Amino acid sequence: MRPALRSPHPAGSPTSGASPHEYRPRPRRLAGPAVMAGSGLCNQTGAAVGALAFPVLGPLGVVAVRQYVAALVLCAVARPRLRRFTWRQWWPVLLLGGVFGTMNLSLYSAVDRIGLGLAVTLEFLGPLTIAMAASRRRLDVGCAVLAGAGVVVLMRPRPSADYTGMALGLVAACCWASYILLNRVVGRRVPGAQGAAAAAAVSALAFLPVGAAVALAHPPTAAAVLCAVTAGVLSSAVPYLADLLTLRRVPARTFGLFMSVNPVLAAMVGRVVLGQRLGTVEWAAIGAVVVANAVSIARAER
């Protein structure tokens with residue numbers, strides 16, 4: 001964390017009485033939002049690049065590589081002292097590792113079937129549900145109705161509807177909600193980021209035989225491996241490090257609100273990278289879920 005900015009004029013100078021905010025360089029004030037925007041784009045671009053490897057590795061192979069990359073990055077940063085963990089610390093870490101792998105696998109499988117924008121939108125129902133679960137306010141009920149209407153529109157019966165893909169998106173949403181709850185438990189019992197790193201390592205170990213089986217059944221090409229590794233870096237390593245930097249610069253409320261925009265970013269990246277087009281109705285449904293999520297988070301923080 002960089003030291004807080006101070007007025008460039010020393011005390012006693014003719015301008016020392018002015019507000020120090022007047023002299024704060026504008027680029028520094030925009031650093032937090034810029035990092036958040038870059039992190040969101042990296043995350044969704046990574047998922048899109050990973051989807052390019054689906055024809056060779058399939059979602060299972062791409063997720064396996066992503067888990068390996070996430071484990072390497074998190075363990076290098078947090079350096080968990082695994083031998084000192086007690087069973088009271090280990091059991092939520094093990095559950096978190098299982099949920100982490102299942103969440104990514106279900107999301108990538110959904111992306112393979114229904115596209116990036118719709119899959120990420122359905123996945124965001126997880127944190128939205130957590131945000132509204134303990135509330136009884138009318139505004140939150142309205143947010144739930146709005147998000148539910150968006151989901152009904154996305155899952156409406158039509159000839160091209162892929163209900164298996166939609167179900168996988170909802171599984172990813174359940175996993176993300178579980179991930180949030182388990183992260184709270186792990187955060188209370190394991191210091192720093194050691195718990196998250198240990199969970200990532202557990203998930204990577206579980207995917208080792210999976211990755212080996214995929215490689216034997218479908219020998220990977222260099223291009224497919226590069227896409228999968230890129231997905232791991234852009235969707236795991238970069239967002240994690242960016243989030244550490246961002247949370248030191250912006251309030252948690254602002255961070256949570258910006259995260260709500262990810263379904264829109266996913267739809268845009270899916271259009272540009274994968275050529276996945278969405279109609280006006282789908283865009284409206286995604287907007288409904290995004291608005292519901294943003295309002296709910298803002299209300300919860302308030």
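These are my notebook entries on a predicted model, written as I looked things up.

**Overall fold**

I began with the secondary structure. I count 13 helices and zero strands in the protein. Read from the N terminus, the elements are α-α-α-α-α-α-α-α-α-α-α-α-α. Then I looked at contacts along the chain: of those with a separation of 6 or more, 85% join residues 24 or more positions apart. Of the 302 residues, 44% are buried. The exposed surface of the protein comes to about 15,400 Å², and carbon and sulfur atoms supply 66% of that.

**Nonpolar core**

Next I went inside. The largest nonpolar core holds 69 residues, and Y108 and L116 are the ones with the most contacts within it. Helix α3, residues 54-78, gives this core its largest share, 12 residues. As background, nonpolar side chains tend to be buried together in soluble globular proteins.

What does Y108 touch, leaving aside neighbours within four places in sequence? I wrote down G46, A47, F54, P59, V62, V63, R66, A231 and S235.

**Surface patch**

I then turned to the outside. W87, W91, L94 and L95 make a nonpolar patch on the surface, and together they have about 430 Å² of accessible area. W87 sits in helix α4, which covers residues 87-114. Is W87 buried or exposed? W87 counts as exposed, because its relative accessibility is 60%.

**Salt bridge**

I looked for charged pairs next. Side chains of opposite charge can pair when their charged atoms come close. How many salt bridges are there? The count is one. The pair is R113 with D162, and their closest N and O atoms are 3.2 Å apart. This pair links distant parts of the chain, 49 residues apart: R113 belongs to helix α4, while D162 lies in the loop between α7 (138-154) and α8 (163-189).

I also checked how covered each partner is. R113 has a relative accessible area of 43%, so I put it down as partly exposed. D162 has 18%, so D162 goes down as buried.

**Cysteines**

I searched the whole structure for disulfides and found zero. A disulfide is a covalent bond between the sulfur atoms of two cysteines. Why does C174 not have one? The closest cysteine sulfur to that of C174 is in C175, 7.0 Å away, which is too far for a bond; the cut-off is 2.5 Å. From the other side, C175 is in no disulfide either, with the sulfur of C174 as its nearest cysteine sulfur.

I noted accessibility for both cysteines. C174 is exposed, because its relative accessible area is 53%. C175 is buried, because its relative accessible area is 10%.

**V153 and the far end of the chain**

Last, I picked V153, which is found in helix α7. At 29% relative accessibility, V153 counts as partly exposed. Leaving aside neighbours within four places in sequence, I see V153 in contact with R158, V281 and A285. I also checked E282: it is 129 residues from V153 along the chain, but their C-alpha atoms are separated by 7.4 Å.

Note on methods: Residues are numbered from 1 along each chain as its sequence is written. This is a predicted model: local features need pLDDT of at least 70, side-chain atom pairs count only at pLDDT 80 or more; totals for chains, interfaces and linings use all residues. Side-chain values use heavy atoms; hydrogens and water are left out. Patches are made of residues with over 30% relative accessible area and no salt bridge: like charges are joined within 9 Å, nonpolar side chains (Val, Leu, Ile, Met, Phe, Trp, Tyr) within 5 Å. Accessible areas come from the Shrake-Rupley method with a 1.4 Å probe; for residues, only the protein chains shown count as cover. A salt bridge is a side-chain nitrogen of Lys or Arg within 4 Å of a carboxyl oxygen of Asp or Glu. Helices (H or I, at least four residues) and strands (E, at least two) are DSSP runs, numbered from the N terminus. Buried means under 20% relative accessible area, exposed over 50%, partly exposed in between (1.4 Å probe, protein chains only). A nonpolar core is a set of buried Ala, Val, Leu, Ile, Met, Phe, Trp, Tyr and Cys residues joined through side-chain atoms within 4.5 Å. Contact means heavy atoms within 4.5 Å.
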